[in-house]
Amino acid sequence: MDGLDLEIDPGELFAVVGTSGSGKTTLLNLIGGLDTPSSGSIAVMGRELGALDERQLALYRRTTVAIIFQAFHLLPERTALENIELPLMLQNVPAAERRRRAEEVLERVGLANRADHVPSELSGGEQQRVAIARALIKQPRLLLADEPTGNLDSRTSREILELIAGLNREDGFTIVLVSHDETAMEQIADRLIRLSDGRAIEERTL
Amino acid sequence: MIGRDALGYAFSHLGKARLRTILTAAGVSIGIGAMTSMVSVGTGTQRRVLQAFNEENLLTAITVRPDSGIILDDAAVEELRRLPGVRDAWPQITLPGLLLFDSERTLRTLEGLPARVVAEQVASGRITLVAGRIYEAGEEGVIMLSARAAESLLPEGAAPDTLLGRRVSFVVAQAPGSGEEERELTPPGGLESLPIAGMLRTLTGRFISSVTLEVQIVGIVEGQATLTDMLGVSLWIPPAVIEPLYSRALRSLETVLTGEIYGGEYPSLQILAEDVLQVRAVQDRLRQRGLRGASILDQISEIRTGFVILNGFLAVLGGVSLFVAAMMIVNTLVMAVLERTGEIGLLKSLGASNADVMRLFLTEAAVIGLFGGIGGLVLGKVVAEITNLFANWQFQRAGEIQVDLVAFPLWLILGGLLFAVGVSLAAGWYPARRAARVDPVVALRHY
């Protein structure tokens, strides 16, 4: 990142586009509390991430922010429902409540009938829906998606992007969406920046 | 992440790498097994020794035999009684024979035990008079039994005092004196009433007679007064009564062939030391007089030397195998960390703190340790029992009593498990730290 200065408003669907190596993922890792900036600052909901220690940062990741990955990152030996429950396990939510909330979000992403399947029994689109459900179950203030359709065919990609756009429009989630598919982003995002070598070379409100 | 979830998580991972987990736990089992069997046998032996200390008579008893040229006669007995540290001394007079009671016939050993020894031991509480009375010095036609001996005569559950006043017969073989083969043996003086039960011509042409002693049970005592019968099945009679029979007692083939009889001379004496601590000093004084004094302490220390060697061997084996097991745990978990780097990154992205990740891996280490510990306790018990069998087989060959040398107290079980888990946690520390320090950004890139 190099001299990047941006502000994302609550309830916004904010798209980040750019070629590989332009710094999109680094930006998400910084906002997601996985990485810390060597200089400069990031504040989420008024809290300076750089000032948090390891435990507070973990708490931030556990409660405030959720990330959806390109490669889904589901645990292969666990069922859809168990994968979705993981964040609540880290929050020490009792098992019964975990199960109930997991079923709710699985319903929301339209996969209620696949609850007991392990990832290898699911299609790519279904796996990404499970990953989205796993992000939603935390009810995060900030939802980050890193090339969520990068591993999917175009039809499935459209469905997943519609699901994400719906989460923004209908459920009011603040979303930062990283993609190289600028056309698709233009259709769903409120605002868009283009990154190149860690700099914002273009910023548009759509 | 709370404990139960961490445990579930650990189990699911260990279950995935089942063979690796089992092998690692087996390593812990061998180490814990060697250690617990060692402690078990050590504790069991110690317990036996402590129990033996309660039987003070056994521990303070010294059996005296002459080395060569020394004659153990009544004068020698009197001299030894006056030795410092000696509580009492008396000739060891034992007669093997056949005990007849109702229709029972049992091979037993009749022991001449002075009335004063019995009385003193009852008075000092070393043995307890359960029923009846103590015989008088030189009293004829009476016998005292130990509670064990009484038990063997009585039907199941009958009270020992029902035996009081009952008559028993004791048949002893008598060797012929040299040059007296043709003469019919008459009972020695004072025993004219004893019938001579029969005469046998032996292969050597000498006569062996059998004498039947008719006696009445007058008292029953609990506890062991002498070393004569380690199992405590004792039959006591005033020494004066059987001394005449003893001089002609058929003791060995040698007696039959040589016709050698004892006259006023005893093959061995029994000494009781003042207390356990005096035993060694008394043994030294006996040695100065050309006498050998054997104490059960000698055997105990012999047994203990054996166990020190065995325990040392097991301790080294246990230590080495536990060390190897710890290395196996380190290896297993480091492998797991490498294999699951991506997963660790994901957990961190979902909000797991370093402490959470560390706890997951330490839980896995503890689970391996727990299973290894359980296996180790089973293994330890088996090894201890085998050691016990082997030791008792050796004792049996040496004509010793059978003892249980295995102890598995609760503290050993809990201690073994705790130690196994502790060692595993210590071994798991490094891999768990390594897991905790995984950089989620790097980890997720390679997921």
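Which residue is the bridge partner of B:Pro66 in β12(B)? In this predicted model, the partner turns out to be B:Leu291, and that pair is a handy place to start our walk through the structure.

The two residues belong to a longer pairing: strand β1 of chain B, residues 61-66, runs antiparallel to β12(B), and 5 bridges join the two strands. Step back a little and you will find both strands in an open sheet of 4 strands in chain B, ordered β2-β11-β1-β12 and paired in the antiparallel sense. The edges of this sheet are β2 (86-91) and β12 (291-295); each has a single partner strand, so one side of each lacks a neighbour in the sheet. If you look at how the strands lie relative to one another, neighbours are turned by 25° on average, with direction ignored. Now look for helix α4 of chain B, residues 74-81, which packs on the sheet. Helix α4 touches β1, β2 and β11 (269-273) of chain B, and its direction makes about 170° with that of β2(B).

From here, let us turn to chain A. This chain has 206 residues, of which 45% are buried, and it holds 7 helices and 8 strands. Among its contacts with a separation of 6 or more, 69% are between residues 24 or more positions apart.

Next come the nonpolar cores. The largest has 111 residues, and the members that touch the most others are A:Ala133, A:Leu144, A:Ile175 and A:Leu177. Although these four are in chain A, the element that gives the most to this core is helix α12 of chain B (residues 354-397), with 14 residues. To see the surroundings of one of the four, try A:Ile175: leaving aside residues up to four places away in sequence, it touches A:Leu13, A:Phe14, A:Leu143, A:Ala145, A:Ile164, A:Leu167 and A:Asn168. Another core, of 57 residues, lies apart from the largest one, and its members include B:Val64, B:Tyr135, B:Met144 and B:Val211. B:Val64 brings us back to the sheet, since residues 61-66 of chain B form strand β1.

Finally, how many residues does each chain bring to the contact? Chain B contributes 18 residues and chain A 21 residues. On the side of chain B that touches chain A, at least two residues come from each of α1 (3-16), α11 (341-349), α12 and α14 (440-445). Sorted by class, that side of chain B consists of 9 nonpolar, 5 polar and 4 charged residues. Helix α12 of chain B is thus worth a second look, as it appears both here and in the largest core.

Terms used
Residues are numbered from 1 along each chain as its sequence is written. Chains are lettered from A and ligands numbered from 1 in the order in which they are written. This is a predicted model: local features need pLDDT of at least 70, side-chain atom pairs count only at pLDDT 80 or more; totals for chains, interfaces and linings use all residues. Two strands pair if DSSP finds at least two bridges between them. Axes are lines fitted to C-alpha atoms, for helices over the stretch in contact, and angles run from 0 to 180 degrees between N-to-C directions. Two residues are in contact if their C-beta atoms, placed from the backbone, lie within 7 Å. A nonpolar core is a set of buried Ala, Val, Leu, Ile, Met, Phe, Trp, Tyr and Cys residues joined through C-beta atoms within 7 Å. A residue is buried if 20 or more other C-beta atoms lie within 10 Å of its own, exposed if 12 or fewer, and partly exposed in between; C-beta atoms are placed from the backbone. Ala, Val, Leu, Ile, Met, Phe, Trp, Tyr, Cys and Pro count as nonpolar, Asp, Glu, Lys and Arg as charged, and the others, Gly among them, as polar.
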